[in-house]
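Me: I would like to go through a protein model slowly, with a question at each step and the reasoning spelled out. Could we look at it together?

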Amino acid sequence: MKFPIVVENSRIPGFLSKFANANYVAVSFAIFIFFKEKRKEQVWRHEMIHYRQQKELFFIGQWILYAYYYLAGLYKYRDRYKAYRENPFEREAYANQDDPIYLVKRKKFAWKNYRG
């Protein structure tokens, strides 16, 4: 079986959007990437970066660190959106989602370079 497993036209991003008061078009979770609609390349690259981050940290480690950086950002910025965008996992994904060869040249633990 090829990983990650891509699921298009999934209700999961919409459900999580309501729960988090956000507008997710895709979500990477463990071995799955769930897309709200059909897969778009830029969003796919963004979520593949998250998938690689999760693999590097044995999935649970990335979720723990993601929560830590988000909560630290929330405390620092007092703004949910800024806390989300300043998270090093998101910074790496947003900075490289437009680069079609980033996933080929990406070094392991590259997210560390995006810590504040």
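What follows is a set of questions and answers about this predicted model.

Me: Is S17 buried or exposed?
Reply: S17 belongs to helix 1, which covers residues 12-20. A residue counts as buried when its relative accessible area is under 20%, and because the value for S17 is 7%, the word that applies is buried.

Me: Which backbone atom lies 2.7 Å from a polar atom of the side chain of S17?
Reply: If we leave aside the neighbours within four places in sequence, S17 is in contact with A22, N23 and Y24. One of these residues also supplies the atom in question, since the 2.7 Å separation from a polar atom of the S17 side chain belongs to the backbone nitrogen of Y24.

Me: How many residues of the lining of the largest pocket are charged?
Reply: The largest pocket has a volume of about 1,000 Å³, and its lining is made up of 32 residues, with Y24, V27, Y66, Y84 and E90 lying nearest the centre. Several elements each supply at least two residues of that lining, among them helix 1, strand 2 and helix 4. Sorted by type, the lining residues are 20 nonpolar and 9 polar, and the number of charged ones is 3.

Me: Which element gives the most to the lining of the second largest pocket?
Reply: The second largest pocket holds about 190 Å³ of space, and among its 13 lining residues Y69, Y77, E86, P88 and G116 lie nearest the centre. The elements that give two or more residues to this lining are helix 3 and helix 5. The element that gives the most, with 6 residues, is helix 3.

Me: How many residues apart in sequence are the parts that E92 and R106 tie together?
Reply: The side chains of E92 and R106 meet in a salt bridge, with 2.5 Å from N to O. E92 lies in helix 5, whereas R106 lies in the segment after helix 6, so the pair ties together parts whose separation in sequence is 14 residues.

Me: Which residue is joined with E92 and R106 into one network by salt bridges that share partners?
Reply: E92 counts as buried because its relative accessibility is 0%, and R106 is likewise buried, with a relative accessible area of 11%. Salt bridges that share partners join these two into one network with a further residue, E56.

Me: Does E41 count as buried or partly exposed?
Reply: E41 forms a salt bridge with R39, and the closest N and O atoms are 2.8 Å apart. Because its relative accessibility is 40%, E41 counts as partly exposed.

How values were computed:
Residues numbered from 1 in each chain as written. Predicted model: local features only at pLDDT ≥ 70, side-chain atom pairs only at ≥ 80, totals over all residues. Heavy atoms only, no water. Helix = DSSP H or I, 4+ residues; strand = E, 2+ residues; numbered from the N terminus. Buried < 20%, exposed > 50% of the residue type's maximum accessible area, 1.4 Å probe, protein only. Polar contact = N/O pair within 3.5 Å; in protein donor to acceptor, adjacent residues only side chain to side chain. Contact = heavy atoms within 4.5 Å. 1 Å grid on protein atoms, 1.4 Å probe; cavity = no way out; pocket = protein on both sides within 12 Å on 5 of 7 lines; lining within 4 Å. Points joined across faces, edges and corners; volume = space filled by probe spheres on them. Nonpolar A, V, L, I, M, F, W, Y, C, P; charged D, E, K, R; others polar. Salt bridge = Lys/Arg side-chain N within 4 Å of Asp/Glu carboxyl O.
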